[in-house]
Amino acid sequence: MTRFADTDRLDRVTLHEENPPSRSPEAQQDLDVALYDLGETNRFRLTAEDAPQGPYALALGMTGRLLMLRIESASGETIQEMHLSLSTLRPCLKDYAAICESYVGAVSATTRAQIETIDMARRAIHDEGSTLLMERLEDRIATDFDTARRLFTVVAALQVRG
């Protein structure tokens, strides 16, 4: 289990997209909430031995099919920028988007038990995606599971168009 110091956190999370896609108001709201939640409660540390201590600022965005993460010091100096392929996450992201769509459709058209079943499946897919994301980042960034969940939510929201 990774131990985190008080400084191992993000104090600011922003969206950085060169050519932001058109998103529906609902998709933009989901993304805004996900970014806010990630910024509010998190555990985040760069794992390189010579990496400066946090707190950090994180800018996230998509560059083509790559997730861009730019980590800055509290003073605004870029510490590290990485581009992460989402190929290992893509099946999970697709499943997550589909189950979320099913959940929204089910809320008004099915029984409470069916909604709970869909929600349990949604949570399981979300957990799987969070674990995969932690594994993809572990050689550069350490997070706790709750932070990985919030980060996965942001990544999933970045994929939503229209």
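This chat concerns the packing of two helix pairs in a predicted model.

Biologist: What should count as reliable here?
Modeller: This is a predicted model, where local features need pLDDT of at least 70, side-chain atom pairs count only at pLDDT 80 or more, and totals for chains, interfaces and linings use all residues. Residues are numbered from 1 along each chain as its sequence is written, and side-chain values use heavy atoms, leaving out hydrogens and water.

Biologist: At what angle do helix 2 and helix 3 cross?
Modeller: Helix 2 (residues 90-107) and helix 3 (residues 112-137) cross at roughly 160 degrees, and their axes come within 9 Å. Helices here are DSSP runs of H or I, at least four residues, numbered from the N terminus. Axes are lines fitted to C-alpha atoms over the stretch in contact, with angles from 0 to 180 degrees between N-to-C directions.

Biologist: Parallel or antiparallel, then?
Modeller: Helix 2 and helix 3 are roughly antiparallel, a term for angles over 145 degrees.

Biologist: Which residues of helix 2 meet helix 3?
Modeller: Among them are C92, Y96, I99 and Y103 in helix 2, and the helix 3 side includes I115, I118, I125 and L132; contact means heavy atoms within 4.5 Å. The residues of this contact divide into 12 nonpolar, 3 polar and 4 charged.

Biologist: Changing topic, how far apart are the axes of helix 1 and helix 4?
Modeller: The axes of helix 1 (residues 25-40) and helix 4 (residues 145-159) are 9 Å apart, at an angle of about 160 degrees. Helix 1 and helix 4 are therefore roughly antiparallel to each other.

Biologist: Which residues meet there?
Modeller: Helix 1 contributes D30, L31, A34, L35, D37 and L38, which meet residues of helix 4 including R150, L151, V154 and L158.

Terms used:
Helices (H or I, at least four residues) and strands (E, at least two) are DSSP runs, numbered from the N terminus. Angles under 35 degrees count as roughly parallel, over 145 as roughly antiparallel, 65 to 115 as roughly perpendicular and the rest as oblique. Ala, Val, Leu, Ile, Met, Phe, Trp, Tyr, Cys and Pro count as nonpolar, Asp, Glu, Lys and Arg as charged, and the others, Gly among them, as polar.
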